[in-house]
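Please open the model in your viewer and keep the sequence beside it, since the tour below moves from one selection to the next.

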Protein chains: 2
Amino acid sequence: MSAYRVIGLSPSTCTQRTLFTAYERQATVDLVPLNIMAGDQKKPEHLAKQPFGKIPVLEMQDFVLYESRAIARFINDTCSSGSTLIPSDPKQRAIFEQWASLEAGTYNPHIEGLVAQRVFVPMRGGQTDENKVKEHYNALKEPLDILNNNLANKEYIAGPFTLVDIFFTPYINMLLQLPEKDLIESRPNIAAWWKRVSSRPAFKKLYKQVEEDRAAMMSGQK
Amino acid sequence: MSAYRVIGLSPSTCTQRTLFTAYERQATVDLVPLNIMAGDQKKPEHLAKQPFGKIPVLEMQDFVLYESRAIARFINDTCSSGSTLIPSDPKQRAIFEQWASLEAGTYNPHIEGLVAQRVFVPMRGGQTDENKVKEHYNALKEPLDILNNNLANKEYIAGPFTLVDIFFTPYINMLLQLPEKDLIESRPNIAAWWKRVSSRPAFKKLYKQVEEDRAAMMSGQK
């Protein structure tokens with residue numbers, strides 16, 4: 001069994017990508033929390049590892065890596081248990097990379113933008129900008145229709161279950177808690193795909209941990 | 001020698017990523033132009049290959065692939081000539097993936113956004129939004145400082161020359177034609193890196209072709 005040391009917090013969306021990947025590969029993660037309410041992510045010690053002042057960071061002896069999708073790929077590449085989450089056939093891998101590129105460049109800016117307005121802005125004491133919510137909502141319609149079509153004859157986004165399904169997970173999970181959840185629920189192939197993703201043991205293990213860690217943080221115990 | 005069929009236009013930034021990769025690998029590309037001024041990218045025949053109505057698209061027999069970064073990875077994975085542009089050592093590859101993720105998620109939205117305001121908006125008859133230019137300009141300062149630091153002791157972004165240097169190329173090449181070129185020129189390690197990138201034979205071959213194709217398109221011959 002492989003063990004990875006990740007500086008991060010399970011309630012954080014980007015940390016979730018790395019944990020979901022590790023749990024799919026039956027790897028253990030030593031999660032090292034950072035007090036982001038105290039601004040520890042902007043202190044010199046952390047900036048030396050992650051110059052943008054964000055989480056997660058993977059740290060193993062003298063090797064330091066950031067960007068959640070890169071950490072997920074590294075865990076997948078180096079883990080000795082479980083089976084790979086990136087197809088090895090060149091054409092299948094290319095389709096995986098196509099969707100990985102779309103997730104980062106086309107979907108994530110709007111899914112993250114919508115969730116930020118509804119959840120993170122008020123969390124930090126700000127006010128949701130309803131015009132921005134509407135912009136992101138409208139910008140998601142066409143790409144989600146295309147994703148829905150793509151899932152008509154596939155179990156997962158790139159065919160088999162891969163990292164790209166994991167990359168989408170954290171923000172779609174949050175979107176489903178919001179008034180805009182119809183973006184997902186009204187598209188039957190995406191809704192069916194989500195049922196498959198959220199039924200996976202690694203998903204359940206992750207979100208059980210997220211709930212526990214969030215409760216502990218809220219009660220000030222962690 | 002491998003030959004790839006790409007539907008695209010060399011003056012288009014995203015097509016340039018696929019051509020630069022092919023030329024680095026000494027592969028030939030059969031570039032199939034699309035009349036985007038006539039809106040051919042939104043016609044059913046093209047949408048069946050690229051549902052977002054964009055270029056480039058790689059097409060080989062029954063295999064169809066889009067997203068320029070995914071096409072570049074596919075060419076790199078399947079080309080029989082030249083040497084790989086993705087490191088094979090897991091830690092080196094992880095650093096490559098970290099920068100590939102940053103390029104797509106952190107840099108490209110602002111570099112593309114700035115170039116769009118200065119070049120593409122006026123090209124389509126619109127007016128540059130100077131507030132948006134300023135927003136993108138300011139948003140690029142910190143990430144470019146971090147890129148400049150990263151290049152202090154490295155020849156290329158991920159160490160050896162890789163696809164991530166290619167991913168950055170088209171928009172930085174355009175940025176250097178704009179009043180905002182000081183974003184690059186004032187950062188000495190990025191400026192030195194750019195000299196190395198733009199001295200490569202594949203870069204020179206590509207941008208000679210871009211100039212020729214652009215001149216032919218402007219004169220209505222192509």
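**Between the two domains of chain A**

Begin by selecting A:Glu24 and A:Arg200, which form a salt bridge whose closest N and O atoms are 2.7 Å apart. Bear in mind throughout that this is a predicted model. For the setting of this pair, colour chain A by its domain assignment, which gives domain 1 as residues 3-84 and domain 2 as residues 90-200. The count between domain 1 of chain A and domain 2 of chain A is 3 salt bridges, and 5 residue pairs, both members at pLDDT 80 or more, are in polar contact between these two domains.

Next, show the side of domain 1 of chain A that touches domain 2 of chain A, where the elements giving two or more residues are α1 (13-24) and α3 (68-78) of chain A. Of these, α1(A) supplies the largest share of that side, with 6 residues. Coloured by class, the residues on this side of domain 1 of chain A divide into 2 nonpolar, 4 polar and 4 charged.

Now select both domains of chain A in full: their centres, taken over C-alpha atoms, are separated by 22 Å. In the contact region, 10 residues of domain 1 of chain A meet 16 residues of domain 2 of chain A, and the two domains bury about 1200 Å² between them, with 63% of that area on carbon and sulfur atoms.

**From chain A to chain B**

Bring chain B into view and select the residues in contact across the two chains, which are 29 in chain A and 29 in chain B. Chain A and chain B bury about 2600 Å² between them, 66% of it on carbon and sulfur atoms. On the chain A side, pick out A:Phe52, A:Lys91 and A:Gln98, which lose the most area to chain B and together make up 21% of what that side buries.

Then centre on A:Asp77 and B:Arg93, whose side chains meet in a salt bridge at 2.9 Å, N to O. Between chain A and chain B the count is 4 salt bridges, and across this interface there are 8 residue pairs in polar contact, both members at pLDDT 80 or more. Highlight β4 (63-66), α3, α4 (90-123) and α5 (130-150) of chain A, the elements that give two or more residues to the side of chain A that touches chain B. With 13 residues, α4(A) gives the most to that side, which by class has 17 nonpolar, 4 polar and 8 charged residues.

**Two single residues in chain A**

Move to helix α9 (residues 201-218) of chain A and select A:Gln209 within it. Is A:Gln209 buried or exposed? A:Gln209 counts as buried because its relative accessibility is 18%, and the cut-off for buried is under 20%. Display the side chains of A:Gln209 and A:Tyr23 together, and a polar contact of 2.6 Å can be drawn between them. Leaving aside residues up to four places away in sequence, A:Gln209 touches A:Ser10, A:Leu19, A:Tyr23 and A:Leu31.

Finish at A:Ser186, in the loop between α7 (182-185) and α8 (188-198) of chain A. Which backbone oxygen does the side chain of A:Ser186 reach? The side chain of A:Ser186 reaches that of A:Asp182, at 2.6 Å. As a last selection, add A:Asn148, which is 38 residues from A:Ser186 in sequence and 9.9 Å from A:Ser186 in space, C-alpha to C-alpha.

Notes:
Residues are numbered from 1 along each chain as its sequence is written. Chains are lettered from A and ligands numbered from 1 in the order in which they are written. This is a predicted model: local features need pLDDT of at least 70, side-chain atom pairs count only at pLDDT 80 or more; totals for chains, interfaces and linings use all residues. Side-chain values use heavy atoms; hydrogens and water are left out. Domain bounds come from an automatic or database domain assignment. Contact means heavy atoms within 4.5 Å. Buried area is the accessible area (1.4 Å probe) that two parts lose on being put together, summed over both. A polar contact is a pair of N or O atoms within 3.5 Å; within protein, one must be able to donate a hydrogen and the other to accept it, and residues adjacent in sequence count only if both atoms are side-chain atoms. Helices (H or I, at least four residues) and strands (E, at least two) are DSSP runs, numbered from the N terminus. Ala, Val, Leu, Ile, Met, Phe, Trp, Tyr, Cys and Pro count as nonpolar, Asp, Glu, Lys and Arg as charged, and the others, Gly among them, as polar. Buried means under 20% relative accessible area, exposed over 50%, partly exposed in between (1.4 Å probe, protein chains only).
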